[in-house]
Amino acid sequence: MSGADGRGGVRFGVLLPTFDPLHSGETPDVVERARQAEQLGFDGGWVGDHLWGHAPWIDATVALSAAAAVTERLTLGFSVMLLGLRPPAWTAKQIQSIYALSGGRLVLGVGVGGEYPEEFEAAGVAVTQRGRRVDETLSVLPDLLLGRRVDYDGETVSVHSSPLAPALPRLPRILIGGRGEAALRRTVRFGDGWLPMWLSPDALLERSAQLRELAAAGGRREPSITLLILVHVDEDPERSRREAAEHLDGQYRLPLHVVERWAALGPRDHVAEKLQSYLDVGVTELILMTLGRAPLVQYERLAEVCALLQKTPAGAGARGT
């Protein structure tokens, strides 16, 4: 989808259904949905990463490996990998493996998590150390991925690793998740791009200006902005809200009203307008998390929505310039 109709570098991806939000007992159909996302022309297929949650969840590294085996063009990404839950050397080995299986189509989104303290307890990691663990892991991960020996003793992680293989020929694009100032600073220090969610266009515009200032002060290139947004397309607005509410309750135990102002729900034109408002403030990549019982139907409807957006001249209605 990217690059068509004058829409330059904007990319559209979908969050693959690796979870069972309605507790149906069925295995999430991540493999078939990855195939269909590619066939429909989406640029990326992304997965969330949790050890524990309110709904059953397929492991992110396994899901991306499966998606890599049945796709040829689709970029595959973590949105986001919770580095703080994982030993750095094992993490590097998993990333190297997915990179190799996918032919280099991997994007590494990382984040600190913390909304589920239970998964940190299960991993034997103090949830209060998650931010520091992510920073320390990011400081050694490039050398691990590129096949260099690492000897590191930090405050929260210790790594003594001989070169890991297959070493990557180059680092994957690294996106840093989160909404606050710590995430912005981490993005400038370690990332190629910023990956927030649950922000209004105005708030995103304000924080992207802060991100730009931090990058300039650090002599770094301005990071790109990728946004994950909840979506459900249905010409019946109330039905759309009901399906979204059911999904959010089953997956997150989260009432719809808490996040509805940041979601794109309802008729196609309304969803397109909402997504356009984010493109207008500098988002260059959208990760669309479909809600409801029928992911494929949503993919098909969203492909139509994205085609509408691609016909809008780049920068139309831009604010803050």
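The following questions and answers deal with helix packing, aromatic pairs and backbone features in a predicted model.

Student: Why is H2 called roughly parallel to H3?

Tutor: Helix H2 (residues 60-70) and helix H3 (residues 88-102) pack at an angle of about 15°, with their axes 9 Å apart. Angles under 35 degrees count as roughly parallel, so H2 is roughly parallel to H3. The crossing of these two helices, H2 and H3, is left-handed.

Student: Which residues make the contact of H2 with H3?

Tutor: H2 contributes Thr61, Leu64, Ser65 and Ala68, and H3 contributes Gln94, Ile98, Leu101 and Ser102. By class, the contact has 4 nonpolar, 4 polar and no charged residues.

Student: What makes H3 oblique to H5?

Tutor: The axes of H3 and helix H5 (residues 130-145) come within 9 Å and cross at roughly 50°. Roughly parallel needs an angle under 35 degrees, and roughly perpendicular covers 65 to 115. The angle of H3 and H5 fits neither class, so H3 is oblique to H5. Their crossing is right-handed. In the contact, Pro88, Ala89, Ala92, Ile95 and Gln96 of H3 meet Thr137, Val140, Leu141, Leu144 and Leu145 of H5. These residues divide into 8 nonpolar, 2 polar and no charged.

Student: How do you know that H5 is roughly parallel to H6?

Tutor: H5 and helix H6 (residues 181-190) have axes that come within 11 Å and cross at roughly 10°. With the limit for roughly parallel set at under 35 degrees, H5 therefore counts as roughly parallel to H6. On the H5 side the contact is made by Gly131, Val134, Asp135, Leu138 and Ser139, and on the H6 side by Arg186, Arg189 and Phe190. The contact of H5 with H6 holds 3 nonpolar, 2 polar and 3 charged residues.

Student: Why is the pair of phenylalanine 42 and tyrosine 299 called edge-to-face?

Tutor: The structure holds 3 aromatic pairs, and this is one of them. The ring centres of phenylalanine 42 and tyrosine 299 are 6.2 Å apart, with the planes at 65°. A pair needs centres within 6.5 Å, and planes over 60 degrees apart count as edge-to-face, so both conditions are met by phenylalanine 42 and tyrosine 299. Both residues, phenylalanine 42 and tyrosine 299, are buried.

Student: What parts of the chain does the pair of phenylalanine 42 and tyrosine 299 tie together?

Tutor: Phenylalanine 42 is in the loop between helix H1 (30-39) and strand E2 (44-47), while tyrosine 299 is in helix H11 (residues 295-310), so the pair ties together parts 257 residues apart in sequence.

Student: Is tryptophan 52 buried or partly exposed, and which is tyrosine 116?

Tutor: Buried means under 20% relative accessible area, and exposed means over 50%. Tryptophan 52, at 32%, is therefore partly exposed, whereas tyrosine 116, at 5%, is buried.

Student: What is notable about the backbone of tryptophan 198, and why is tryptophan 198 called partly exposed?

Tutor: Tryptophan 198 has a positive phi of about 55° although it is not a glycine. Tryptophan 198 lies in the loop between strand E9 (193-195) and helix H7 (201-217). Its relative accessibility is 22%, and buried requires under 20%, so tryptophan 198 counts as partly exposed.

Student: Why does arginine 253 count as partly exposed?

Tutor: Arginine 253 is at 46% relative accessibility, and exposed requires over 50%, so arginine 253 counts as partly exposed. Phi of arginine 253 is near 55°, a positive value in a residue other than glycine.

Definitions and conventions:
Residues are numbered from 1 along each chain as its sequence is written. This is a predicted model: local features need pLDDT of at least 70, side-chain atom pairs count only at pLDDT 80 or more; totals for chains, interfaces and linings use all residues. Side-chain values use heavy atoms; hydrogens and water are left out. Axes are lines fitted to C-alpha atoms, for helices over the stretch in contact, and angles run from 0 to 180 degrees between N-to-C directions. Helices (H or I, at least four residues) and strands (E, at least two) are DSSP runs, numbered from the N terminus. Angles under 35 degrees count as roughly parallel, over 145 as roughly antiparallel, 65 to 115 as roughly perpendicular and the rest as oblique. A crossing is left-handed if the near helix is turned anticlockwise from the far one by less than a right angle, and right-handed if clockwise. Contact means heavy atoms within 4.5 Å. Ala, Val, Leu, Ile, Met, Phe, Trp, Tyr, Cys and Pro count as nonpolar, Asp, Glu, Lys and Arg as charged, and the others, Gly among them, as polar. Rings of Phe, Tyr and Trp (its six-membered ring) pair if their centres lie within 6.5 Å; planes under 30 degrees apart count as stacked, over 60 as edge-to-face and the rest as tilted. Buried means under 20% relative accessible area, exposed over 50%, partly exposed in between (1.4 Å probe, protein chains only).
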